[in-house]
Structure formats: C-alpha cells, structure tokens
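Colleague: I have the sequence and the fold open side by side. Please choose one part of this structure for a close look, and then tell me how other parts of the chain relate to it.

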Amino acid sequence: RVRKTLTVAREHYDKRDFARAEPLLREALTHDERLADVHDMLGVIAHDRGEFAEAERHFERALELSPAYTEAALNLAVTYNDQGKYDAARVVYRRIKGHTAGAGVDPYARGKLANMHAELGEAYVDAGMVREGIAEYERAITLCPGFADLRVRLGTLLRDHGELSRAIEHYESALGSKPDYVPALLQLGVAFVMQGDTARAQASWERALTLDEHNAQARIYLRTLHLRRDSGTFPPVGPPPGDGR
C-alpha cells in the first residue's frame with residue numbers, strides 16, 4: 001500500500017500538482033518516517049508556498065537520513081539563502097563539494113549551485129558589498145561558463161565598477177555561448193560607448209534591433225547615439241535608425 005501511495009504521489013509531484021501530492025506523501029510518512037526522498041519532496045512543496053522554516057526542517061531531515069543526498073543538500077542551501085542564512089548555506093555547499101569530490105558534479109547540480117552563487121552575489125550587492133558580489137558571480141561562472149544571463153550580470157557589475165575590459169570579455173563570452181542573446185548585445189553597446197567606441201556600440205544595438213525589432217531599449221540607445229552625434233558629443237557613426245533602411 002505504501003509503495004502504491006508513493007507511486008501516485010510521485011506522479012502528481014512530477015506534474016507539480018502539489019495539492020494532490022502532499023497528502024499522499026504525508027500519508028507515506030505515517031507508515032515510514034525514514035523516507036528521505038519524501039522529506040525532500042515535502043520540502044520542495046513547502047518552499048514553493050514560501051514556508052521556508054518547514055521546508056528547512058524537511059530538507060534537514062532528508063540529509064539526516066541520507067547524508068549523501070545531493071538534491072536535498074542543494075534544496076537546503078537554497079532555502080538557507082532565501083532566509084538570509086548565508087553562513088549555513090556555505091556549510092552545506094562545502095558539504096556538497098566534499099561528497100562530489102573526484103566524482104564530478106552533474107549538470108543539474110552545477111546549475112543549481114551556480115544560481116545559488118548568483119543569488120548570494122545579489123545579496124552582497126544589495127548590501128553594498130559589490131566586490132564580494134562580483135566574487136560570487138565569478139564562482140557561478142566557473143561552475144557554468146555557458147550561462148549567458150549570469151555572464152551579463154557579472155559584466156554589468158564589473159562595468160559599473162570601472163572594469164570595462166573585463167566586462168566586455170564577459171558580454172562577448174555570453175554571445176559566444178548564445179549569439180542571439182539581446183541583453184548581452186545591449187549591455188555590450190553601453191560598455192563600448194563608455195570606451196568611446198561608438199561605432200561598435202551602434203553595431204551591437206543594431207544587431208539587437210535586428211533580432212528583436214520591437215526592443216524599446218535598443219531604439220532608445222540608438223536614438224540617443226544619433227542625437228549626441230548631431231550635438232557633437234560623439235563623432236559620426238553612420239546614419240540614424242531608419243535612414244536608408
């Protein structure tokens with residue numbers, strides 16, 4: 001009966017039908033409280049509702065029952081982060097690294113860890129600790145070099161911190177893994193302008209507009225570039241948007 005209950009519960013869980021999955025999972029626990037995966041699923045359901053304390057309790061119990069349960073550890077670290085328990089999250093992260101040392105980390109785990117670093121980085125930035133935030137984003141990129149969105153965010157932090165060359169490297173790397181990523185093109189153009197390279201800025205923004213013809217930000221940037229060129233702020237960089245096209 002317990003196996004049948006869990007089979008149905010997992011089917012609902014996999015479909016994210018948490019309302020049907022939860023009572024079945026709790027029923028399974030009444031028969032056997034030592035089901036680590038059930039605690040993990042209940043933790044995810046609680047986290048989805050924003051009930052972080054309950055989620056934390058289930059993830060911690062899952063790890064007590066199965067110390068090498070990477071998915072539960074990742075979920076617990078994320079839950080700690082969501083509650084501002086950054087030191088506790090770091091402890092769990094080190095634990096994950098210890099269990100996976102020499103065996104590599106599967107792509108799912110890498111992605112989740114990278115996003116954890118990014119979330120922690122944003123927390124640092126929000127607290128005014130930009131350099132620490134940059135360091136967390138760099139750790140995220142080390143785990144997942146192909147995450148274009150994280151590279152763009154890191155590039156923007158570096159750019160605003162006065163490190164234009166490094167920012168441009170990250171924008172260009174983002175485009176290397178995702179050539180049509182419009183946010184990278186937009187931010188790359190801004191960095192080029194800050195370097196005084198308006199020709200390359202215009203090319204980046206025009207490329208963005210080609211990919212997304214309704215992109216308001218690209219149009220504003222190009223229009224601003226044209227107005228500044230006319231006022232003599234920048235040297236001529238070509239026809240304004242719409243001329244001869």
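Modeller: Gladly! A word on helices before we start: here a helix is a DSSP run of H or I with at least four residues, and helices are numbered from the N terminus. Please also keep in mind that this is a predicted model.

A first example of that numbering is α2, which covers residues 18-31 and contains Pro23. Pro23 counts as partly exposed because its relative accessibility is 48%, and partly exposed here means between the 20% and 50% limits. Thr5 is 18 residues away from Pro23 in sequence, with 9.9 Å between their C-alpha atoms.

The part I would like to look at closely is the largest pocket, whose volume is about 160 Å³. Its lining consists of Asn81, Tyr86, Ala89, Arg90, Tyr93, Arg94, Met116, His117, Leu120, Glu136 and Arg139. By type, these lining residues split into five nonpolar, four charged and two polar. Three helices each provide at least two of the lining residues: α6 (86-100), α7 (107-126) and α8 (130-143). The biggest contribution, five residues, is made by α6.

It is worth staying with α6 for a moment. Arg90, one of the lining residues, forms a salt bridge with Asp87, and their closest N and O atoms are 2.6 Å apart. About one helical turn separates Asp87 from Arg90, because they are three residues apart in helix α6. Where does each partner stand in terms of exposure? Asp87 is exposed, with a relative accessibility of 58%, while Arg90, at 24%, is partly exposed.

Another salt bridge involves the loop between α5 (70-82) and α6. Lys85, in that loop, pairs with Glu56 of helix α4 (residues 52-65), so this contact ties together parts that are 29 residues apart in sequence. The closest N and O atoms of Glu56 and Lys85 are 2.9 Å apart. Glu56 has a relative accessibility of 12%, so Glu56 counts as buried; Lys85, at 33%, counts as partly exposed.

These pairs belong to a longer list, as a search of the whole structure finds 21 salt bridges. Among them is the bridge between Asp160 and Arg159, where the closest N and O atoms are 3.4 Å apart. Asp160 is exposed, with a relative accessible area of 57%, whereas Arg159 is buried at 9%. There is also a network of salt bridges linking Glu22, Arg26, Arg49, Glu51 and Glu54.

Finally, a look at the nonpolar interior. The largest nonpolar core has 74 residues, and the ones with the most contacts inside it are Tyr13, Leu25, Val38, Val92, Leu113, Leu150 and Trp205. Helix α11 (residues 182-195) supplies the largest share of this core, with nine residues. Which residues does Val38 touch, once its neighbours within four places in sequence are set aside? Val38 is in contact with Leu6, Leu25 and Leu29. Leu25, like Val38, is listed among the residues with the most contacts inside the core.

Notes: Residues are numbered from 1 along each chain as its sequence is written. This is a predicted model: local features need pLDDT of at least 70, side-chain atom pairs count only at pLDDT 80 or more; totals for chains, interfaces and linings use all residues. Side-chain values use heavy atoms; hydrogens and water are left out. On a 1 Å grid over the protein atoms alone, a cavity is a set of points where a 1.4 Å probe fits but cannot get out, and a pocket is an open set with protein on both sides within 12 Å along at least five of seven lines; lining residues have an atom within 4 Å of a point. Grid points are joined across faces, edges and corners, and a volume is the space filled by probe spheres set on the points. Ala, Val, Leu, Ile, Met, Phe, Trp, Tyr, Cys and Pro count as nonpolar, Asp, Glu, Lys and Arg as charged, and the others, Gly among them, as polar. A nonpolar core is a set of buried Ala, Val, Leu, Ile, Met, Phe, Trp, Tyr and Cys residues joined through side-chain atoms within 4.5 Å. Buried means under 20% relative accessible area, exposed over 50%, partly exposed in between (1.4 Å probe, protein chains only). Contact means heavy atoms within 4.5 Å. A salt bridge is a side-chain nitrogen of Lys or Arg within 4 Å of a carboxyl oxygen of Asp or Glu.
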